[in-house]
Amino acid sequence: MQTLLEQVRQRVQDAPVVRGQFTQRKTVQGFKQPLQSSGDFVAARGKGIAWLVRKPFASTLIVKPDSLLSRGADGRVAMQMKAQDEPVLRTINAMLFAVMAADLEQLGQYFEVTGQVQAGSWTLHLVPRDAMLAQWLQAVDLRGQQFVQEVQLQEARGDHSQILIQNPVAEKALRAQDAPLFE
């Protein structure tokens, strides 16, 4: 496994900030049609990930190491969770950061990792080691090159999400307009 992670680490661009667009397709048990959303994201090392949903309706989801915050189009808080109240949240958020940043050291702590590296791309299959995480998540599949390009989450209760990352760009620092998202 260490060789696999080392090979992927050499291909993934390490950047303090990564931004781009996303499209998410979620298949939920009991629904005929998958739920689809799209928008922009900003992932800032040490600060969090902001998902700025544009379609089907505007909303913002901010994932920080110790909290989760959702705002509606009007800017009002729709939902807020803190890790001190929900201990599993810290584990889930750390896992999300590790997945989005392809932080391979962290991924190795949370998951049993298998996969393969080809000439220009890589794939990883992750199965949770942590019992609390396994109650929520069955497996994660990652595909990428310089950046993570696709994330597939298979939830323990049967729901499935596919997140496609488009036009990822590495930046040295947060842009001024993004900083308030993480305050």
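These numbered points go through the cores, salt bridges, ring pairs and a few single residues of a predicted model.

1. Start with the largest nonpolar core, which has 39 residues. Within this core, the members that touch the most others are Leu 107, Phe 111, Leu 124, Leu 126, Val 140 and Leu 142. Helix α2, running over residues 87-101, supplies the largest share of the core, with 7 residues. A further core, of 7 residues, lies apart from this one. Val 17, Ala 44, Leu 69 and Phe 182 are among the residues of that other core.

2. Leu 126 can serve as an example from the largest core. Which residues does Leu 126 touch, not counting residues up to four places away in sequence? On one side of Leu 126 in the numbering are Val 99, Leu 107, Phe 111, Glu 112 and Val 113. Gln 138, Ala 139, Val 140 and Leu 142 complete the list of residues that Leu 126 touches. Leu 107, Phe 111, Val 140 and Leu 142 also appear, with Leu 126, in the group that touches the most other core members.

3. The salt bridges come next; the structure holds 12 of them. One of them joins Glu 171 to Arg 19, with 3.0 Å between the closest N and O atoms. Glu 171 belongs to strand β11 (residues 160-171) and Arg 19 to strand β1 (residues 17-27), so the chain positions of the two are distant, 152 residues apart. Buried means under 20% relative accessible area, so Glu 171, at 14%, counts as buried. Arg 19 has a relative accessibility of 12% and therefore also counts as buried.

4. Arg 19 takes part in a second salt bridge, with the side chain of Asp 178, at 2.1 Å from N to O. Here again distant parts of the chain are linked: Arg 19 is in strand β1, Asp 178 is in the segment after β11, and 159 residues separate them. Arg 19 and Asp 178 are both buried. Which residues are linked with Arg 19 in a network of salt bridges? The network consists of Arg 19, Glu 171, Arg 175 and Asp 178.

5. Another salt bridge is formed by the side chains of Arg 54 and Asp 40, at 2.9 Å from N to O. Arg 54 sits in strand β3 (residues 48-55) and Asp 40 in strand β2 (residues 35-44), with their positions 14 residues apart in the chain. Are these two residues buried or partly exposed? Arg 54 counts as partly exposed, at 48% relative accessibility. Asp 40 has a relative accessible area of 22% and is partly exposed as well.

6. The aromatic rings form 2 pairs. In the pair of Phe 22 and Trp 51, the ring centres are 4.9 Å apart and the planes stand at 85°, so the arrangement is edge-to-face. Phe 22 lies in strand β1 and Trp 51 in strand β3, 29 residues apart. Both Phe 22 and Trp 51 are buried.

7. Trp 51 also pairs with Phe 41, and this pair is tilted, with 5.8 Å from centre to centre and 40° between the planes. Because Phe 41 is in strand β2 and Trp 51 in strand β3, the pair ties together parts of the chain that are 10 residues apart in sequence. Phe 41 is buried, as is Trp 51. Through these ring pairs, Phe 22, Phe 41 and Trp 51 are linked into a cluster.

8. Thr 60 is found in strand β4 (residues 59-64). Thr 60 is buried, with a relative accessible area of 17%. Leaving out residues up to four places away in sequence, Thr 60 touches Trp 51 and Leu 52, and also Leu 69, Ser 70, Arg 71 and Leu 181. Trp 51, named here as a contact of Thr 60, is a member of the ring cluster.

9. Val 77 is located in strand β6 (residues 77-82). Is Val 77 buried or partly exposed? Val 77 is partly exposed, at 44% relative accessible area. Beyond its neighbours within four places in sequence, Val 77 is in contact with Leu 69, Ser 70 and Arg 71. These three residues are also touched by Thr 60. Between Val 77 and Leu 61 the separation is 16 residues in sequence and 9.9 Å in space, taken from C-alpha to C-alpha.

Conventions
Residues are numbered from 1 along each chain as its sequence is written. This is a predicted model: local features need pLDDT of at least 70, side-chain atom pairs count only at pLDDT 80 or more; totals for chains, interfaces and linings use all residues. Side-chain values use heavy atoms; hydrogens and water are left out. A nonpolar core is a set of buried Ala, Val, Leu, Ile, Met, Phe, Trp, Tyr and Cys residues joined through side-chain atoms within 4.5 Å. Buried means under 20% relative accessible area, exposed over 50%, partly exposed in between (1.4 Å probe, protein chains only). Helices (H or I, at least four residues) and strands (E, at least two) are DSSP runs, numbered from the N terminus. Contact means heavy atoms within 4.5 Å. A salt bridge is a side-chain nitrogen of Lys or Arg within 4 Å of a carboxyl oxygen of Asp or Glu. Rings of Phe, Tyr and Trp (its six-membered ring) pair if their centres lie within 6.5 Å; planes under 30 degrees apart count as stacked, over 60 as edge-to-face and the rest as tilted.
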